[in-house]
Amino acid sequence: QAEGLRLHLSSRSSTGYKLVRKGEGCNAGRFRVEYKARGQTIWLGDFDSAVEAAVAYARAVGEAPEPQAPTVATESEGLQLHLSDKNSTGYKGVVKDQGRFR
């Protein structure tokens, strides 16, 4: 959270924020944010910090949704198993790969 806004976090981005990336060339050391809306690229600018860029993105598209607490399905072998509606296996962190679960 920054400036009262819930920022869009991303574990896939090296900056830690959704669609915020490090600048290149003459913008090295700065942080750029741009996104697509209705087929058009919207450039929000280059910023001195990743947080500033993430704030600009949150202002442009709205705050990130409130994080949901994981739903505990059951316990097995002393471990809590968490349900996930974003995963075809139905469990958070479990994937099926070539007929096996990992």
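Two strands are treated here as a pair when DSSP finds at least two bridges between them. With that in hand, welcome to a short tour of this predicted model.

**Figure 1. The whole chain, with its one helix and seven strands.** Let us start with the overall layout. Read along the sequence, the elements of the protein chain follow the pattern β-β-β-α-β-β-β-β. The protein chain has 102 residues, and buried residues make up 27% of them. If you take the contacts between residues at least 6 apart in sequence, 28% join residues at least 24 apart.

**Figure 2. An open sheet of three strands, in the order E1-E2-E3.** The pairing in this sheet is antiparallel. Strand E1 covers residues 20–22 and strand E3 covers residues 40–47. Both stand at the edges with a single partner strand each, so one side of E1 and one side of E3 are left without a neighbour in the sheet. On average, and with direction ignored, neighbouring strands are turned by 30 degrees against each other.

**Figure 3. A closer look at E1 beside E2.** These two strands run antiparallel and are joined by three bridges. To find your bearings, look for Val20, whose bridge partner in E2 is Val33. Both of these valines come back in the view of the nonpolar core, among the residues there that touch the most other members.

**Figure 4. The hairpin of E2 and E3.** Seven bridges join E2 to E3, and the two strands run antiparallel. One of the bridges involves Ala37, whose partner in E3 is Gln40. Two residues lie between the strands of the hairpin. Please give Arg38 a moment of your time: in this hairpin, Arg38 takes a positive phi near 55 degrees.

**Figure 5. Helix H1 lying across the sheet strands E1, E2 and E3.** The helix runs at about 20 degrees to E2. H1 spans residues 50–61, while E2 spans residues 31–37. Both elements appear again in the next two views.

**Figure 6. The largest nonpolar core, made of 15 residues.** Which residues touch the most other members of this core? They are Leu7, Tyr17, Val20, Val33 and Ala53. E2 and H1 each supply at least two residues of the core. H1 gives the most, with seven residues.

**Figure 7. Tyr35 and Tyr57, the one aromatic pair of the structure.** How are the two rings arranged, by centre distance and by the angle between the planes? The centres are 5.6 Å apart and the planes stand at 75 degrees, an edge-to-face pair. Tyr35 lies in strand E2 and Tyr57 in helix H1, so the pair ties together parts that are 22 residues apart in sequence. Are these tyrosines buried or exposed? Tyr35 has a relative accessible area of 15%, which is under the 20% limit, so Tyr35 is buried. Tyr57, at 6% relative accessibility, counts as buried too.

**Figure 8. Ser10 and its surroundings in the segment before E1.** The side chain of Ser10 has two backbone nitrogens to show you. The backbone nitrogen of Arg12 lies 3.2 Å from a polar atom of this side chain. The Ser10 side chain also reaches the backbone nitrogen of Ser13, at 3.3 Å. Leaving aside neighbours within four places in sequence, Ser10 is in contact with Gly16, Tyr17 and Lys18. Tyr17 is familiar from the core view, where Tyr17 is one of the residues that touch the most other members.

**Figure 9. Glu3 and Gly4, two residues of the segment before E1, with Val55.** Glu3 is exposed, with a relative accessible area of 59%. Gly4 has a relative accessible area of 54%, over the 50% limit, so Gly4 is exposed as well. Which residues does Glu3 touch, not counting those up to four places away in sequence? Glu3 touches Val55 and Arg59. Glu3 and Val55 are 52 residues apart in sequence, with their C-alpha atoms 7.5 Å apart in space. Gly4 and Val55 are 51 residues apart along the chain, and their C-alpha atoms are separated by 9.4 Å.

Conventions
Residues are numbered from 1 along each chain as its sequence is written. This is a predicted model: local features need pLDDT of at least 70, side-chain atom pairs count only at pLDDT 80 or more; totals for chains, interfaces and linings use all residues. Side-chain values use heavy atoms; hydrogens and water are left out. Rings of Phe, Tyr and Trp (its six-membered ring) pair if their centres lie within 6.5 Å; planes under 30 degrees apart count as stacked, over 60 as edge-to-face and the rest as tilted. Helices (H or I, at least four residues) and strands (E, at least two) are DSSP runs, numbered from the N terminus. Buried means under 20% relative accessible area, exposed over 50%, partly exposed in between (1.4 Å probe, protein chains only). A nonpolar core is a set of buried Ala, Val, Leu, Ile, Met, Phe, Trp, Tyr and Cys residues joined through side-chain atoms within 4.5 Å. Axes are lines fitted to C-alpha atoms, for helices over the stretch in contact, and angles run from 0 to 180 degrees between N-to-C directions. Contact means heavy atoms within 4.5 Å. A polar contact is a pair of N or O atoms within 3.5 Å; within protein, one must be able to donate a hydrogen and the other to accept it, and residues adjacent in sequence count only if both atoms are side-chain atoms.
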